[in-house]
Every structure is written in structure tokens, then in C-alpha cells.
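Please look over the structure shown here before reading on. The report that comes after is meant for a reader who has not met this structure.

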Amino acid sequence: MSNFIKISNKIKNYDKTISVSGDKSLSIRWVLFSSMAKGKSIASNLLLSEDVLAAINAIKKLGASVKLKKNHCTIFGNGPDGYKYKKNIVINAKNSGTLGRLIMGILVNTPFKIKIIGDKSLSKRDFKRIAEPLSKFGAKIKLTEKGLPLTILGSKNLHSIKYVENRGSAQVKSSIIFAGLKSEGKTIIKAKKSRNHTELLCKHLDLPVKVKRVKNYEIIEVQKAKEIKPLNYKIPSDISSGSFFMVLTALSNNSKLLIKNININPSRIGIITILKKMGVVIEFKNQQNYKGEIVADIFIKSSKKLKAINCPIKLNSGAIDEFLIIFLVAAKAKGVSYFKNISELNEKESPRLKWGKKILNKMGIKTITTDSSIKIFGNPDIKINKQIVIKNFLKDHRVFMTSVIAALSFGGSWKIYDKDSINTSFPSFLIKLNNLAK
Ligand code: S3P
């Protein structure tokens with residue numbers, strides 16, 4: 001089967017209700033917490049993507065038992081110290097930074113060395129950011145250059161740490177929280193604002209984790225968890241997956257869309273604030289609290305007039321996975337949009353700031369970039385009449401999906417490679433798009 005997609009027609013207008021698959025961050029966290037819980041945890045709407053399946057395979061190797069039927073999953077864990085560590089285990093985190101980094105926090109007490117490997121993209125990413133704090137707990141971590149393959153050997157005598165997390169990385173923060181839950185004493189993290197799903201799940205599970213908000217930071221105090229309760233959880237749907245449909249709708253001529261049951265955790269809705277500032281009509285409907293997370297339906301309409309944005313830095317962390325797709329809105333907005341302090345984008349599954357620039361330039365949109373910023377010279381009359389090929393992007397799922405939305409929104413004749421990259425986060429992406437077009 002060919003691993004590329006060709007698109008040469010814009011999408012027709014629609015007025016529809018859709019749902020997207022379960023949230024990736026929450027799905028992986030549910031798998032990890034459940035593997036350390038004592039007893040049976042059940043999830044529905046679990047994201048069935050390669051990243052999450054890699055997490056399931058990882059905990060199976062550590063002795064948890066798992067039953068999976070469509071997107072319903074049952075995990076039987078043996079408690080926080082109940083893993084059956086064996087010699088020579090290899091965990092393959094595949095494409096998932098979240099899995100590779102968070103699981104290291106759980107492995108700080110492994111009595112045998114565990115090797116962590118990943119795919120080509122993950123092997124280029126930075127694991128020093130995790131190795132450094134976890135070494136302070138007493139774990140011994142050996143990296144290859146700055147990352148994978150790595151080995152981790154735990155310690156029986158873990159000691160709590162004090163750590164300042166300055167990057168605004170939820171993966172670093174979460175990994176330290178997991179290590180703190182396994183260590184004697186009080187671990188204190190001063191963490192720059194980032195998504196807070198781990199903290200909310202800890203709160204819901206009554207774990208010894210306290211969070212105080214101080215301006216742009218969280219002060220998180222973590223103590224050893226004697227037990228972890230099983231977690232029955234209906235995973236809310238993923239705003240990052242929904243974002244492709246939001247932007248498709250905003251850029252189309254006369255369409256409306258309702259996306260059901262999305263996790264609108266305030267640390268994840270940067271895209272909503274940004275799109276609103278750019279003139280897009282978006283509303284939350286049926287807002288509810290679900291086990292500490294906020295969930296709502298998102299209603300969005302086509303926008304006739306889009307305005308450029310000078311994006312405030314404080315919105316960056318809440319939109320970190322959505323910038324590529326937001327850049328497409330900037331491409332059609334009137335004026336020059338400016339996104340700054342976003343060097344972390346180049347630390348993702350591919351160097352995304354570079355890919356954002358590349359896609360825009362291929363579309364005929366002028367950009368000025370530095371290592372940490374991009375200016376996008378929008379064109380409200382943008383129409384593409386040429387052939388565009390997108391390939392060799394390290395199979396970054398978000399580069400693929402952004403390119404598909406660009407093709408359907410602006411026209412031109414596109415050939416986009418590595419279609420199977422969607423399996424990382426949103427395997428039903430193309431099926432959902434086809435249903436919209438029907
Ligand atoms: C994630 C955190 C973010 C995000 C990633 C998922 C998580 O990365 O980009 O896709 O689930 O914790 P950071 O660790 O850089 O915040």
C-alpha cells in the first residue's frame with residue numbers, strides 16, 4: 001500500500017458534529033498510574049495509537065496484566081512496588097517522548113538495568129533533561145550522547161530532591177513527580193507552567209502531592225506513595241487532535257463544526273485563546289468537571305476576517321503542540337503574525353519550527369525565522385496553484401496532519417508522504433476527514 005496521500009481539491013463546506021479520539025497525554029498517564037495501582041483499573045475511550053500501545057507493552061514487560069478490547073482497557077496492577085523486574089528488559093518507547101520520559105521516573109527503583117530505546121525521531125530527542133533530575137534521586141542513567149538508547153538502574157535508597165524545572169516541560173515535571181512518589185522524604189519541584197494532568201490525577205487518586213500556584217510557576221511537593229488506588233476513567237477527547245478540525249473549519253468558507261467531549265484543561269487551551277484573538281468564533285458548550293479535568297464540546301465557525309497576532313509568550317505552553325496548525329491560520333490572516341520564545345518546537349518529534357517555515361514557504365507565504373521565533377506574512381487571498389511535496393519529516397504526525405489541512409484549505413496539488421505517521425496520535429484522522437467531506 002502506498003504510504004503517501006495526494007490531495008488536489010479543497011474540502012466542501014459542512015455543518016457537522018464529530019468526535020475525535022482520546023487524549024494522548026491522559027491515555028499514557030492512565031496506563032502508567034494503573035500499572036502501579038493495586039487491583040483493577042478500567043478505561044474507556046483510551047486512545048488506541050502507537051504511542052499508547054507502546055505504553056501498554058512497556059507495563060506488560062514490567063509485570064502488569066492488560067486486557068484490551070477496542071478502546072476499552074483493563075489493567076491489573078500490583079501496587080507501587082509491585083513490578084516484576086527481570087534482567088535485561090528492553091522498553092521500546094517508539095515515537096513517544098511522553099512514554100520514554102515519564103516511565104523513567106517510575107523506574108528509579110529498578111533493581112536491574114533497564115534499556116530504553118525508541119524510533120529514529122525519539123533517538124534524536126533530549127533525555128538529559130530527565131537523566132539530570134533522576135540521577136539526583138540516586139538512579140544511575142547512561143545516555144548515548146544526549147539521549148536514547150539509554151540504560152537506567154535504580155536505587156534502593158532513593159532520596160527526595162529539590163528541583164527547579166525552568167523549561168516548562170510537563171514530561172520533565174511528571175517524571176520527577178513519579179520518582180518523588182517512590183522516594184522517602186519530601187521532593188519539592190518549582191516548575192514553570194506546563195500541562196498539569198499528572199498533578200490532577202494525583203489529586204484525584206489522593207496521592208501525597210500538594211500543588212501551590214505562584215505566578216507562572218507551580219510549587220509541587222511530593223511524598224512517597226504507600227499505595228495507589230485503581231482508576232476507572234473515561235478518557236476525554238484530545239484537543240490536539242481536535243485542533244486540526246478547528247483550523248480546517250476556521251479556514252473554510254461557510255462551515256460549522258461541533259467537536260464533542262474535548263478536554264479543555266486550562267493548561268491545554270492556548271489554541272483557543274490564540275484563534276479567538278485572530279478573529280475566529282469558538283465557543284465551549286456543555287462544560288463539565290470530570291475527575292478534576294474540564295471537558296466540553298467545542299463549537300467553531302468559518303471566519304471571514306482573520307487578524308494577525310503578536311502571540312503573547314504566556315500562551316506558548318498551552319499551545320505547544322498546536323503551533324504548526326496555528327501557523328496556517330496566520331498564513332491567511334491580514335498582517336504579520338509573530339510567535340516568539342518557541343525554541344522548544346525544535347525539540348519535538350521533528351524540528352517543528354523549521355517544518356512550519358518549510359510548509360509555509362512552499363505555500364508561497366513569506367516568513368522570517370530565528371532559532372526561537374517566526375514572523376508569518378499572512379495573505380488573506382492565499383490560493384495555491386502549484387504542486388507541493390512534503391516528505392522526510394521524521395514521520396512527525398503533526399507535520400503530516402498540518403499539511404493535509406493546508407491542502408484541503410488552500411488548494412494546490414499536494415503529495416504528502418508518511419501517511420502512517422498518524423498512527424502515533426490519531427489513527428482515524430483521515431477517516432474522520434472523509435466523513436466530514438461526505
Ligand atoms: C506532553 C508534554 C508536552 C507535549 C507532548 C506531551 C505530556 O511536552 O509537547 O506532546 O503528555 O506531558 P513537554 O514535556 O515539552 O511539555
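The following sections describe a pair of helices and a sheet with a helix lying across two of its strands, as they appear in a predicted model.

## Helix 9 and helix 11

Helix 9, formed by residues 323-332, and helix 11, formed by residues 397-410, have axes that come within 9 Å and cross at roughly 20°. Because angles under 35 degrees count as roughly parallel, helix 9 is roughly parallel to helix 11. The crossing of helix 9 and helix 11 is right-handed.

From helix 9, the residues Leu324, Ile325 and Leu328 meet Arg398, Val399, Thr402, Ile405, Ala406 and Ser409 of helix 11. Sorted by class, the contact of helix 9 with helix 11 has six nonpolar residues, two polar residues and one charged residue.

## The sheet of strands 18, 20 and 19

An open sheet is formed by three strands, which follow the order 18-20-19 and pair in the antiparallel sense. Strand 18 (336-339) and strand 19 (366-369) are the edge strands, each of them pairing on one side only. From one strand to the next, the twist averages 15°.

Strand 20, made of residues 374-377, pairs with strand 18 over four bridges, and this pairing is antiparallel. Within strand 20, Phe377 is the bridge partner of Val336.

## Helix 10 across the sheet

Helix 10, which covers residues 352-362, lies across strand 19 and strand 20, and its direction runs at about 160° to strand 19.

Terms used: Residues are numbered from 1 along each chain as its sequence is written. This is a predicted model: local features need pLDDT of at least 70, side-chain atom pairs count only at pLDDT 80 or more; totals for chains, interfaces and linings use all residues. Axes are lines fitted to C-alpha atoms, for helices over the stretch in contact, and angles run from 0 to 180 degrees between N-to-C directions. Angles under 35 degrees count as roughly parallel, over 145 as roughly antiparallel, 65 to 115 as roughly perpendicular and the rest as oblique. A crossing is left-handed if the near helix is turned anticlockwise from the far one by less than a right angle, and right-handed if clockwise. Two residues are in contact if their C-beta atoms, placed from the backbone, lie within 7 Å. Ala, Val, Leu, Ile, Met, Phe, Trp, Tyr, Cys and Pro count as nonpolar, Asp, Glu, Lys and Arg as charged, and the others, Gly among them, as polar. Two strands pair if DSSP finds at least two bridges between them.
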